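Please read the following account alongside the sequence and the coordinates, taking the strands, the core, the packed helices and a few individual residues in turn.

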Amino acid sequence: MSTSAGIQGVQGSRGRNVGLGLALVSAFSFGGSGVAAKPLIEAGMDPLHVTWLRVVGAALVMLPVAWKHRDLLRRRPALLAGFGLFAVAGVQAFYFASISRIPVGVALLIEYLGPALVLGWIRFVQRRHVTRAAAVGVVLAVGGLACVVEVWAGLSFDAIGVLLALGAAFCQAGYFILGDHGSDAGDAAPDPLGVIAFGLLIGAVVLTVVARPWNAEFSILTGQAEMDGTPVPALLLLAWIVLVTTVLAYGSGVLAVRRLSPQVAGVVAFLEAVVATVLAWVLLGEHLTLPQIFGGFVVLLGAFIAQSSTPANPPDEPVACGVPAAEKQLSEKGSKA
């Protein structure tokens, strides 16, 4: 029994470490989107058109993956539709709509209430336990994020804008919840890359209706865009947005949720705002203030506390445990043997 427990501990630790690494890759990848998109927007492209290019480009890249996992259309149609509507199209559309009415910092802070909403969903809807560490991590990360985006610098109340930002937060929560959907089904679990591929395809269709790309200034993509005074090919920026900040970001993010848990991966995702702020400082010349630097450290602290949460004794096991269901099943089989 002691040997089996030791194996289970090693597997659990390895699963958490891999999951944390994937979550960090996702946060860093998502965090680089604004730095690459802003020069295109400043060159004259509408933000919603940049988002449409981002999602459509990623959908085309992932098209072979969607074809390989086309059986998901029959097996998990509701999951695919939900991921495309909420995790892809919903987050993007609600966020861009909200920043047209309220300051960007306020909208970003409200959107990143998503991990807190995940905790509420798990605790009050699913009626499952969550660890105190995950809850404390969310509180610290939200507070740190408020400093990173300097929410006090341009606070203005617009009821519709706040509601739109809350819509983005609910959709972000859906991203983490749906990303974890079916992870306890073992071999029958839907392939995460297949879910992402179809989610991007569905999101592309939805955003086509919302963004109306036939009015876009695509000629901008043939020229140069300036990044803090340095000319950069617009197509290179678009390639970065599609391949790194969308394909890699979504892929590593969903895989992280599968190995960690929705709320732990969600708290680590707060690092996206820190990464975005630091990259804007380095590449766009948008300097950080002392409160922003302090807030970044608080976000890091919150993410560390949340991901360090460990599993309790089953069956009353908190979901913020970082041990994949498949690994637990292998451990249980090993102990029985």
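In this predicted model, Glu226 stands opposite Pro231, a residue of strand S2. The pairing to which these residues belong is that of strand S1, residues 224–227, with S2, residues 230–233, and it runs in the antiparallel sense over 4 bridges. In a regular strand the side chains alternate between the two faces of the sheet. In S1, Ala225 and Met227 make up the covered face, whereas Gln224 and Glu226 make up the uncovered one.

The hairpin formed by S1 and S2 has 2 residues between its strands, and Asp228 takes a positive phi there. Asp228, which is found in the loop between S1 and S2, has a phi of about 55 degrees although it is not a glycine. Because its relative accessibility is 51%, and exposed begins over 50%, Asp228 counts as exposed.

A second residue with a positive phi can be taken together with this one. Arg212, which is not a glycine either, has a positive phi of about 50 degrees, and its place is in the loop between helix H11, residues 192–211, and S1. With a relative accessibility of 48%, Arg212 counts as partly exposed.

Arg212 also leads to helix H3, since His49, not counting residues up to four places away in sequence, touches Ala211, Arg212, Pro213, Asn215 and Ala216. His49 itself lies in H3, and because its relative accessibility is 9%, which is under 20%, His49 counts as buried. Asp46, by contrast, is placed in the loop between helix H2, residues 33–42, and H3, and with a relative accessible area of 37% Asp46 is partly exposed. Along the chain Asp46 and Glu217 are 171 residues apart, yet their C-alpha atoms are separated by 8.1 Å.

From these local features one can step back to the chain as a whole. The chain has 337 residues, of which 51% count as buried, and its secondary structure consists of 16 helices and 2 strands. Among the contacts in the chain with a separation of 6 or more, 86% are accounted for by residues 24 or more positions apart.

The interior can be approached through its nonpolar residues. The largest nonpolar core has 90 residues, and those with the most contacts inside it are Leu40, Phe83, Leu145, Tyr175 and Leu200. Helix H12, residues 234–259, gives the most to this core, with 11 residues. Leu40 shows how several elements are brought together: leaving aside its neighbours within four places in sequence, Leu40 is in contact with Met45, Val50, Leu221, Ala225, Ala234, Leu237, Leu238 and Ile241. One of these partners, Ala225, is on the covered face of S1.

How do the helices pack around H12? Two packed helices are described by the angle between their axes and the distance between the axes. Helix H3, residues 47–61, packs with H12 at an angle of about 65 degrees, the axes being 9 Å apart. The two helices are therefore roughly perpendicular to each other, and the crossing of H3 and H12 is right-handed. On the side of H3 the contact is made by Val50, Leu53, Arg54, Gly57, Ala58 and Val61, and on the side of H12 by Leu238, Ile241, Val242, Leu243, Thr245, Thr246 and Val247. Val50, Leu238 and Ile241 in this contact are also among the partners of Leu40.

H12 also packs with helix H10, and here the axes come within 8 Å and cross at roughly 60 degrees. H10 and H12 are therefore oblique to each other, given that the range for roughly perpendicular is 65 to 115 degrees. The residues of H10 that meet H12 are Tyr175, Phe176 and Gly179, and their counterparts in H12 are Ala249, Tyr250, Gly253, Val254, Val257 and Arg258. Tyr175 has already appeared as one of the residues with the most contacts inside the core.

H10, which spans residues 159–179, also holds Val162. At 19% relative accessibility Val162 counts as buried, because the cut-off is under 20%. Val162 and Ile99 are 63 residues apart in sequence, while from C-alpha to C-alpha they are 9.4 Å apart in space.

Key:
Residues numbered from 1 in each chain as written. Predicted model: local features only at pLDDT ≥ 70, side-chain atom pairs only at ≥ 80, totals over all residues. Heavy atoms only, no water. Buried < 20%, exposed > 50% of the residue type's maximum accessible area, 1.4 Å probe, protein only. Pairing = 2+ DSSP bridges. Core = buried A, V, L, I, M, F, W, Y, C linked by side-chain atoms within 4.5 Å. Contact = heavy atoms within 4.5 Å. Axes fitted to C-alpha atoms, helices over the stretch in contact; angles between N-to-C directions. Parallel < 35°, antiparallel > 145°, perpendicular 65-115°, else oblique. Left-handed = near helix turned anticlockwise from the far one by under 90°.
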